[in-house]
Amino acid sequence: MRRVVIIGGGFAGLAAGVRLAERGACVVNLFERRKHLGGRAYSFADRTTGDTVDNGQHLFMKCYLRTREFLETIGTGDRLRFQDAFRLDFLHPGLGHTALRFPRLLPAPLNLLAGFIRYRPVTIGDVAGLRRVRTALAAPLQCGISVNDWLEECRQSPAIRQSFWDPLCISALNQHPDSAPARHLTSVLKLAFLGRSDSALMGYPGVGLSAMYTDAARRFIHRHGGTCDVGEAAADLRIAENGKIRIRLKSGAAVTADAAICAITPPALSRLLPEGFDDLRTRLKSFYPSPILSVNLWFRKPVLDRPFVGLLTGRMDWIFNKPMLYNGRDNASPGHVTMVASAARSMVDKPDEKLVEIAMGDLHRFLPESRNVPLEHHLVVRERHATFALPKGHSPPTNRTAAPGLFIAGDWTDTGLPATVESAVESGHRAAAHTLEYLKAKRVRG
């Protein structure tokens, strides 16, 4: 039986491993350098409260078909909870609570127009301008254009940008509109709003991220004869003359495989690649990290009456009500909320006390009644390498490399999507497909 080594145990690596195990054409050996699976999307127990804390709260959309397929395959599809009808709640500093809701009974695009007409931060004129977006989505997109540039070409008003486009860009792409590539935003729009009527429905994990997929993926790979080893980092990778991949682990062990998938970050991959990959290494060095910041707050009693809400013009972007999200399926104290800031490069290096002060300031500003509820505990989580971005005009690498049996996977590879869980799973599936194709051709040759 052919052996495939996967380096990296996040969404991309586990999705690749599950797909290969499912096909049954090889033995999968997965190695993760951390002592837990999950890569840049995992959860852990808070030492003080015992509550489950994510390293970064995630929202999903129902158009994330690859993610849903992956979870269904490993038996955890029901741990991702979706809305029955599209609704995004926001808190506005002047208008208070407002919601963007798309009626289920109206066909697209009438449901979108009806939703925006009732969305209080925008005017009829702002809504009328959305027709230019629909026209622009059907036109070729200029290479290297930013979200800012694209929205200016579509003549979107400051009001609708502040209350919809900018929050969507920052949350979905983890980049600010002036640097985010427009092609990633348009790919999300086409998936969510130009597909099935339920494609844009929002979803969230009904348990901690690790419970949603890591243990189930590990069990799936094990049941199919593979292994998942944690605390095992790859120290050296070599391509032998016969095409075999030889990997030396930091523990001193060595593994030889017929093919390998590197599902790690661009900096880690750049350090691991052997000589002869100069072009890929140069492209990898162009990536820079975009952090996500989470401030977990525990109050004496609940301060939010809905699962999650966006903050328009806040320094933090979202408030998540953990006990409402979990609904008894995982550990969450009654007063536990998580406040999240995406694309948080300007804040991530601030001390914990300052970040708690910023989060509390937003909370008191948007939910004044929270001033009367004592804060009992806090925990700041910085995911400094939540996603990786490229400068304008740069393109990400594909899943193939110059070595026929060596493939790469990750949300940062060229999937046509922004650096999301969906992109990670898609890249894992693509890398697995290339691997199977390579092994099949190798078997035919002899």
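This is a short walk through one predicted model, from the whole chain down to a few residues.

Okay, let's start with the overall picture. The protein chain has 446 residues, and a compact globule with that many would have a radius of gyration near 22 Å; the chain has 22 Å, so the two agree. If you want a box around the C-alpha atoms, taken along the principal axes, think roughly 70 × 55 × 40 Å. On secondary structure, we have 14 helices and 20 strands. How much of the chain is buried? Of the 446 residues, 58% count as buried. And on contacts: if you take those with a separation of 6 or more, 68% are between residues 24 or more positions apart.

Now the empty space. How many cavities of 30 Å³ or more does the structure hold? There is one, and the space in that largest cavity is about 40 Å³. Its lining is short enough to read out: Ala-15, Val-18, Arg-19, Glu-22, Glu-69, Phe-70, Thr-73 and His-429. Which helix gives the most to this lining? That's H1, with four residues. Helix H1 covers 11-23 and helix H2 covers 65-74, and each of them supplies at least two lining residues. In terms of chemistry, the cavity lining splits into three nonpolar, two polar and three charged residues.

Next, a pocket, the second largest one. Its volume is about 400 Å³. There are 34 residues in the lining, and the ones nearest the centre are Pro-181, Arg-183, His-184, His-394 and Pro-396. If you want to find the pocket on the screen, look for helix H8, 182-193, and strand E19, 375-389; each gives at least two residues to the lining. The class breakdown for this pocket is 17 nonpolar, 13 polar and four charged.

Right, on to single residues. I'll begin with Ser-43, which sits in strand E3, residues 43-45. Is Ser-43 buried or exposed? The relative accessible area is 15%, and buried means under 20%, so Ser-43 goes down as buried. What does Ser-43 touch, once you drop residues up to four places away in sequence? You get Thr-52, Val-53 and Asp-54, and then a run at Gly-208, Leu-209, Ser-210 and Ala-211. Keep an eye on Leu-209 there, since the backbone nitrogen of Leu-209 is 3.5 Å from a polar atom of the Ser-43 side chain.

Leu-112 is next. You'll find Leu-112 in helix H3, residues 110-117. Relative accessibility for Leu-112 is 18%, and the cut-off for buried is under 20%, so Leu-112 counts as buried too. Beyond the neighbours within four places in sequence, Leu-112 is in contact with Phe-102 and Phe-193. For a sense of distance, Leu-112 and Arg-101 are 11 residues apart in sequence, and their C-alpha atoms are 8.3 Å apart.

Now let's go to the loop between strand E16, 308-311, and strand E17, 318-321, which is where Met-316 is found. Met-316 is a loop residue, but with 0% relative accessibility it counts as buried. Who surrounds it? Setting aside neighbours within four places in sequence, the contacts of Met-316 are Leu-293, Val-295, Leu-311, Met-339, Val-340, Ala-341, Met-347, Ile-358, Ala-359 and Asp-362. On the other hand, Val-230 is 86 residues away along the chain, and the C-alpha atoms of Met-316 and Val-230 are separated by 34 Å.

Thr-313 lies in that E16 to E17 loop as well. Thr-313 is partly exposed, with a relative accessible area of 36%. The thing to check by eye is the backbone: phi of Thr-313 is near 75°, so we have a positive value in a residue other than glycine.

There's another positive phi to look at, in Ala-343, where the value is near 45°, again in a residue other than glycine. Ala-343 lies in the loop between strand E18, 336-341, and helix H13, 352-366. Is Ala-343 buried or partly exposed? Buried, at 7% relative accessibility.

To wrap up, here's what I'd keep in mind from this predicted model. The radius of gyration agrees with that of a compact globule, there is one cavity of 30 Å³ or more, and Met-316 is a buried residue in a loop. Okay, over to you.

Notes:
Residues numbered from 1 in each chain as written. Predicted model: local features only at pLDDT ≥ 70, side-chain atom pairs only at ≥ 80, totals over all residues. Heavy atoms only, no water. 1 Å grid on protein atoms, 1.4 Å probe; cavity = no way out; pocket = protein on both sides within 12 Å on 5 of 7 lines; lining within 4 Å. Points joined across faces, edges and corners; volume = space filled by probe spheres on them. Nonpolar A, V, L, I, M, F, W, Y, C, P; charged D, E, K, R; others polar. Buried < 20%, exposed > 50% of the residue type's maximum accessible area, 1.4 Å probe, protein only. Polar contact = N/O pair within 3.5 Å; in protein donor to acceptor, adjacent residues only side chain to side chain. Contact = heavy atoms within 4.5 Å. Rg over C-alpha atoms; globule rule 2.2 N^0.38 Å.
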